[in-house]
Amino acid sequence: TGFTPQTPAYRDAIEKTDARIGRLLTALSQRPTRTSEHWTVIITTDHGGTRFGHGARIKACRQIFVFAMGDDVIPGELRCPVNQADITPTILDLLGIKDDRVSDGVVL
């Protein structure tokens, strides 16, 4: 249906996904054993698009949305641009795994 908030189906999908994420985060925070658990949640998109295209080498198609919440996440705004290649090294870093062969991205 396209990559534009003017498209009702696109906007509806975003709203439904937002509600699902909200339920997930609420459920995690309300776990009876939460204080003894260690959680990190990273939510990201595949990549963006414009109208009906999504493969162009332009900012709208190349940058991604990233939201992170958890015990090891320092609140604040991420540096821009955030790239898909940054996700894997960030997750590995949070897990304490050091492997420079994985990606050309950087730890967020």
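Accessible areas here come from the Shrake-Rupley method with a 1.4 Å probe, and for residues only the protein chains shown count as cover. The structure is a predicted model, in which local features need pLDDT of at least 70 and side-chain atom pairs count only at pLDDT 80 or more, while totals for chains, interfaces and linings use all residues. Residues are numbered from 1 along each chain as its sequence is written, and side-chain values use heavy atoms, with hydrogens and water left out.

**Exercise 1. Describe the chain as a whole.**

Step 1: Begin with the surface, where the chain exposes about 8,100 Å², of which carbon and sulfur atoms supply 56%.

Step 2: Turn to the secondary structure, in which helices (H or I, at least four residues) and strands (E, at least two) are DSSP runs numbered from the N terminus. There are three helices and two strands, and along the sequence they follow the pattern α-β-α-β-α.

Step 3: Ask how much of the chain is buried, a word that means under 20% relative accessible area, with exposed meaning over 50% and partly exposed in between (1.4 Å probe, protein chains only). Of the 108 residues in the chain, 19% are buried.

**Exercise 2. Find out how helix α3 packs, and decide whether Thr90 is buried or exposed.**

Step 1: List the buried residues of α3, which are Ile87, Pro89, Thr90 and Leu92.

Step 2: Look for their partners, taking a contact to mean heavy atoms within 4.5 Å. The buried residues of α3 pack against β1 (40–44) and β2.

Step 3: Consider Thr90, which counts as buried because its relative accessibility is 10%. Leaving aside residues up to four places away in sequence, Thr90 touches Ile42, Val106, Val107 and Leu108.

Step 4: Follow the chain beyond α3 to Gly96, whose phi is positive, near 80°.

**Exercise 3. Characterise the lining of the second largest pocket.**

Step 1: Fix the term: on a 1 Å grid over the protein atoms alone, a pocket is an open set of points where a 1.4 Å probe fits, with protein on both sides within 12 Å along at least five of seven lines, and lining residues have an atom within 4 Å of a point.

Step 2: Count the lining, which has 17 residues, with Ala68, Val73, Ile74, Leu78 and Leu108 nearest the centre of the pocket.

Step 3: Assign the residues to elements. Both β2 (66–70) and α3 (87–94) supply at least two lining residues, and the largest share, four residues, comes from α3.
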